[in-house]
Amino acid sequence: MLNNHYGGQFYQYKQIYVGDRLRTFQKRPQLIETLKDDEEHEGPRAWGYIQRDCDIYNQNDELVATHRHCLDAVMYDRPRGERYEIPPFKDHWYTEAQNKWMIDMSNNEFRRGADTLYWEDVKIGEELCHTTLGAMRLWDMVSWFAVKEEEPLWPTRLYRERRNATFPNPYDNAPRFGIEWHFANDMSQLMSNPRAVCFSDSCRNQLCRVVTNWMGDDGMVVYHRNLHFMQTPHGDCLVGCGRVIRKRIEDGKYLVDLETWLYDMCSGNVSDAARCTVELPSNGASTAKNGYVEMMELPMLDGIPEGTRVRLHAPKTLEWWPDDEYPLEGVEGEVFHKYLWRDALSEFTSFIDIKLDPATSKNPLRIGNELTFRLDQVELI
């Protein structure tokens, strides 16, 4: 099985306060075949895998949040243990201008904080301020892991005793944990990647931070759905972006819908994206009634057939790109469907998967050549 880490869906219904006691009810995992029974299909079988589906309750038995964690799983008829050539990988060389930009952006990151943002002041199409953590390397992943505890840190001895929880590294036959693909290149290469990759949670955290910086302390995230389009190797710098796509009043709540995404400064693709709904306070100046909706027109991904030839251009908001040089300017390729679980992409019509032509690229391709981009930087040939 090849797992494409897909993302999560989070709803929050009530605020969670200091002192609350929470309990989680986890439903059974679900496996959904994405190909219809009446379709003739050759090749790998594709599945939508809902790995976690949790309801979270407080001490008053009130449902405060739900969370789903999903994967797009592809089953290959390949003999177990068969090895294949890993594509070459070249580190990105950061210029002085890029390093200065990362430091300045990190030091001067906008945070609204206690300066209240009112629903009436939000403009459709408004751009959100950028975020970055700079080039993410081993130290960042170790720091992330230490506070995240995806795997318990204390029962390592028990894990090593249970050999089924580990597998031997063919280089030294020592038992290793799967989680080590986030730290060690050799372990990551065993899992078909050229080098160690960053935690997807670090990407999701940055997507959330773009929103919470913008909305301030008086806003509340009531919905967040993210997609992890591509694993990010150690050394890459992700830049958080976002914009307002809709305002509405629903059941007396003043809601704003946002679209956020992360650009990979090293290779120019979009690594992650999210749709988010924020509840904001009202200053009472609006005369709009319940049911009010104002939104921008979004592109329709299904309007571009698979196989369509395209050419890439720099993002329209290039003023933030250090050196003003977009690494994939003029590169050509063709549209393809990276994920077969199309229902999971229903909210992400602004993004498109492109299989790049290596011959037209001025930049060494990163992990493979199948990358995700925003539709507004794609020209149909």
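This is a short dialogue on reading cysteines, nonpolar cores and a surface patch in a predicted model.

Q: How many disulfides are there?

A: A disulfide is a covalent bond between the sulfur atoms of two cysteines. In this predicted model, the count comes to zero disulfides.

Q: Why does cysteine 198 have no bond to cysteine 203?

A: A pair counts as a disulfide when the sulfur atoms are within 2.5 Å. The closest cysteine sulfur to that of cysteine 198 belongs to cysteine 203 and is 6.5 Å away, which is too far for a bond.

Q: Is cysteine 198 buried or exposed?

A: Buried means under 20% relative accessible area. Cysteine 198 has 2%, so it is buried. Cysteine 70, at 12%, is buried too.

Q: Which residues have the most contacts inside the largest nonpolar core?

A: In soluble globular proteins, nonpolar side chains tend to be buried together. Here the largest nonpolar core has 37 residues, and Ile354, Leu356 and Phe373 have the most contacts inside it. Elements that give two or more residues to this core include helix H1 (96–107), strand E10 (237–250) and strand E17 (370–374). Strand E16 gives the most, with four residues. Another core, of 15 residues, lies apart from this one; Leu128, Val210, Val211 and Val256 are among its members.

Q: Which residues form a nonpolar patch on the surface?

A: Tyr11, Tyr13 and Leu63 form such a patch, and together they have about 250 Å² of accessible area.

Q: Where is tyrosine 13 placed?

A: Tyrosine 13 is in the loop between strand E1 (2–12) and strand E2 (23–26). Its relative accessibility is 39%, so tyrosine 13 counts as partly exposed.

Conventions. Residues are numbered from 1 along each chain as its sequence is written. This is a predicted model: local features need pLDDT of at least 70, side-chain atom pairs count only at pLDDT 80 or more; totals for chains, interfaces and linings use all residues. Side-chain values use heavy atoms; hydrogens and water are left out. Buried means under 20% relative accessible area, exposed over 50%, partly exposed in between (1.4 Å probe, protein chains only). A nonpolar core is a set of buried Ala, Val, Leu, Ile, Met, Phe, Trp, Tyr and Cys residues joined through side-chain atoms within 4.5 Å. Patches are made of residues with over 30% relative accessible area and no salt bridge: like charges are joined within 9 Å, nonpolar side chains (Val, Leu, Ile, Met, Phe, Trp, Tyr) within 5 Å. Accessible areas come from the Shrake-Rupley method with a 1.4 Å probe; for residues, only the protein chains shown count as cover. A salt bridge is a side-chain nitrogen of Lys or Arg within 4 Å of a carboxyl oxygen of Asp or Glu.
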